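These are my notes from a reading of one structure. I set out to look up its pockets and its cysteines.

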Amino acid sequence: MQTEAATLPGSPERPNEDWAATSLPASGAGGTLVVLDGVTPPAGEDGCVHGVPWFTARLGGALAELSTSRRDLTLSEILSLAIRRTADAHRNTCDLSHPRTPQATVALARWDEVTVDHLVLSDAALLLRSPDGAVRAVLDDRLDHVPREILRSVAATDRLMRNQEGGFFTAAADPSVSARAITGTTPRAEVRALAGLSDGATRWVERFGAGDWADLFDVLEKEGTRGLLDRVRALETADAETATPRGGKRHDDATTVYVRLE
């Protein structure tokens, strides 16, 4: 197995809120991949004294440990347990009922000699490349269906859409959200390699249309994870210099993990 990872902060003035890891079980057979994208809260109170980087480190560490050690649990059960463990770590100091309590998107994979399990929650992405080169993107597109006019209002998003039916879901303080994740299993023989990406990295496809998911995977295999992120940054910089730049953040935290299973 070969693994490679790269991450870039969106701004030097802010800590990188992404978190990523790969791990191997003690037996040496199989492994896990975790990518989290911490949700940057708008200015104002979020009920937590710790902040998003603390949260993603706690949740990511729990996911990496549990997905490696608890092979008897499904990925949904592991996400639920990791959320509960993280919530318990700051339940006595923070208001976990606040709609903007620290939260994250999740891309999680676990494999052994027989299968590759996957889980995606919110707008992180997991890509699976088959031996013939085809690429399947595992995506949770619920956020894409939220009306833009609602997303432009923090109050409306919190009241109507955030972690609510008909809206979108993230890993925050409620373990039951794990049932909302996109999950599945693929035979190991049908997966040559896989990649986990935060939405700062998926911009190459989803925001700039520089290629499709197979093209993105080709970049990873030819130029590495840092090569992909450098391409994203170049596109962001060029876009900011146009007469009509796209809205949203100029740069976002961007993380990619690549694993070759063969």
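Entry 1, lining elements. I worked from a predicted model. I looked up which elements contribute to the lining of the largest pocket: strand E3 (31–38), helix H3 (148–151), helix H4 (154–160) and helix H5 (199–206) each supply at least two residues. I noted that H5 gives the largest share, four residues.

Entry 2, the largest pocket. I recorded a volume of about 1300 Å³. I found 42 lining residues, with Asp123, Leu143, Arg148, Asp199 and Asp252 lying nearest the centre. Sorted by class, the lining holds 18 charged, 13 nonpolar and eleven polar residues.

Entry 3, the second largest pocket. I recorded about 280 Å³ of space here. Its lining consists of 18 residues, and those nearest the centre are Arg162, Asn163, Ala172, Ala173 and Asp174. I entered the classes as eight polar, six nonpolar and four charged.

Entry 4, cysteines. How many disulfides does a search of the whole structure find? I found zero. I then looked up cysteine 48, which is in no disulfide; its nearest cysteine sulfur belongs to cysteine 94, 3.6 Å away. Cysteine 94 is likewise in no disulfide, and the sulfur of cysteine 48 is the nearest to its own. A disulfide requires the two sulfur atoms to be within 2.5 Å, so a pair 3.6 Å apart does not count as one.

Entry 5, burial of the cysteines. I noted cysteine 48 as buried, because its relative accessibility is 12% and the cut-off is under 20%. Cysteine 94 is buried as well, with a relative accessible area of 9%.

Notes. Residues numbered from 1 in each chain as written. Predicted model: local features only at pLDDT ≥ 70, side-chain atom pairs only at ≥ 80, totals over all residues. Heavy atoms only, no water. 1 Å grid on protein atoms, 1.4 Å probe; cavity = no way out; pocket = protein on both sides within 12 Å on 5 of 7 lines; lining within 4 Å. Points joined across faces, edges and corners; volume = space filled by probe spheres on them. Nonpolar A, V, L, I, M, F, W, Y, C, P; charged D, E, K, R; others polar. Buried < 20%, exposed > 50% of the residue type's maximum accessible area, 1.4 Å probe, protein only.
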